[in-house]
Amino acid sequence: ASHISLGEIMNQLHKFKLLAIILSLTITAITVSAQTTKEGTTAFQFLKVKPDARANGMAEAFSAVADNADGVYYNPAGITDAGHIEVSMSMYNYFADVQNMGGVLLYGNRIGTFALQYQYNDIGDILYAENVTSLQDYQDLLISDNYFSPSHLMLGLTYARAVTNKFSFGISAKYVEEDLVYSSDNQWLFDGGVLYRSGWRSLRTSAVVRHFGDDIVFEEKGFSAPQVLILGVAAELFGPAGGIVGSNQNQRLTLATDLVAPRDYDQQYNLGLEWSLNEKFFLRGGYKVNYLSEGLALGAGVALGKFRFDYAYNDYDDFLHYVQRFSLTFEM
């Protein structure tokens, strides 16, 4: 009789566990996609717009990469590949004078990797106007200093752990608040993700569910959370640790793709590349498919000691033009 070691049995169980999780998440995605494809039926839309520059420079094809502090926005399982301590700060100006900023504090030890994250949207001051029937009424409003300031806030805590050298998982609990002044609501939402490193030429796959939670109520009307499921694949074409094409001691080229299934839109696809020279200088590019306005993405980065600065340019349409993002990361 053939002898099967306990380690081999545990290895097979981990593989079956991963397949079961991915299958369950895939079924969830199909179910969610079949429920509705209507736009404007979910709340907390600001959660769809991420602040970090690195991932946005790759057109957000990042769920199977996610190896830094900002990975908590895309796949909490990926942060097990981050540094022992990382601090990241990001900011950008969105459309119509909307300002967005975000940050992550990450700490890893033997029991797992922990991260605190936040994201804040400042919509700015909006003039309160009511019963305006003449030009004089409007001019009086301009000097009345009667403004209101809607805002959005997300605070989150993430835990991730590498179960084996190939498989890791992560989960995030997020407090989300949308203050529209005349109506506001808050809710707890959850992210969950897995990352599987196949061991074959740096190929890795991911499955993530983001923004899972109860409905949100505004003016006695319920709106669904912006739930989305992402299936991702990434690999190095070449790099110091090898790749699909071969190895290169000084350069790395990572190719990544994500299939995105949002609750309120048809399936979308993100394609991205990241080229690195000695992990000191980075160039990025990508493209988003089946988005209303987004398309081309470009980015660059430079690492100086323990600090890394990243920049991203995201092209929208002729009306919205573009958005630029800036991130600063400290890694120990």
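A contact here means heavy atoms within 4.5 Å. With that in hand, 52% of the contacts in this protein with a separation of 6 or more are between residues 24 or more positions apart. You're looking at a predicted model, so local features need pLDDT of at least 70 and side-chain atom pairs count only at pLDDT 80 or more, while totals for chains, interfaces and linings use all residues. Residues are numbered from 1 along each chain as its sequence is written, and side-chain values use heavy atoms, with hydrogens and water left out.

Let's start with the overall make-up. The protein has 3 helices and 19 strands; both are DSSP runs numbered from the N terminus, with helices being H or I of at least four residues and strands being E of at least two. There are 332 residues, and 44% of them count as buried. Buried means under 20% relative accessible area, exposed means over 50%, and partly exposed is what lies in between, using a 1.4 Å probe and protein chains only. The protein exposes about 16,800 Å², and carbon and sulfur atoms supply 61% of that. Accessible areas come from the Shrake-Rupley method with a 1.4 Å probe, and for residues only the protein chains shown count as cover.

Now for the strands at the C-terminal end of the numbering. Strand 17 (296-304) and strand 18 (307-315) pair in the antiparallel sense over 8 bridges, where pairing requires that DSSP finds at least two bridges between two strands. Val302 stands opposite Phe309 of strand 18. The hairpin of these two strands has 2 residues between them, and Gly305 there takes a positive phi near 65°. Carry on along the chain and strand 18 is joined to strand 19 by 9 bridges, again antiparallel. Tyr313 sits opposite Gln324 in strand 19. This hairpin has 6 residues between its strands, and His321 in the turn has a positive phi of about 65°.

Strand 18 is a nice one to color by side chain. In a regular strand the side chains alternate between the two faces of the sheet. Arg308, Asp310, Ala312 and Asn314 point to one face of strand 18 and are buried, while Phe307, Phe309, Tyr311, Tyr313 and Asp315 point to the other and are not.

Two of those aromatics, Phe307 and Phe309, belong to a nonpolar surface patch whose other members include Met91, Met101, Tyr120, Val302 and Leu328. Together the patch residues have about 1,100 Å² of accessible area. Patches are made of residues with over 30% relative accessible area and no salt bridge; like charges are joined within 9 Å, and nonpolar side chains (Val, Leu, Ile, Met, Phe, Trp, Tyr) within 5 Å. A salt bridge, for that purpose, is a side-chain nitrogen of Lys or Arg within 4 Å of a carboxyl oxygen of Asp or Glu. Strands 16, 17, 18 and 19 each give two or more residues to the patch. Leu328, in strand 19, counts as partly exposed because its relative accessibility is 46%.

Patch members Met101 and Tyr120 are also bridge partners, with Tyr120 in strand 3. Strand 2 (residues 99-109) and strand 3 (residues 112-122) pair in the antiparallel sense over 11 bridges, forming a hairpin with 2 residues between them. Strand 3 is also joined by 10 bridges to strand 6 (residues 151-162), and these run antiparallel too.

Go back to strand 19 and look at Ser327. Ser327 counts as buried because its relative accessible area is 2%. Its C-alpha is separated by 7.6 Å from that of Arg54, though the two are 273 residues apart along the chain. A polar contact (a pair of N or O atoms within 3.5 Å; within protein, one must be able to donate a hydrogen and the other to accept it, and residues adjacent in sequence count only if both atoms are side-chain atoms) of 2.7 Å joins the side chains of Ser327 and Ser90. A polar atom of the Ser327 side chain also lies 2.8 Å from the backbone nitrogen of Ala53.

Finally, find Asp191 in strand 8 (residues 184-197). Asp191 counts as buried because its relative accessibility is 3%. Its side chain makes a polar contact of 3.1 Å with the side chain of Lys174. Leaving aside neighbours within four places in sequence, Asp191 is in contact with residues including Val72, Pro76, Lys174 and His211.
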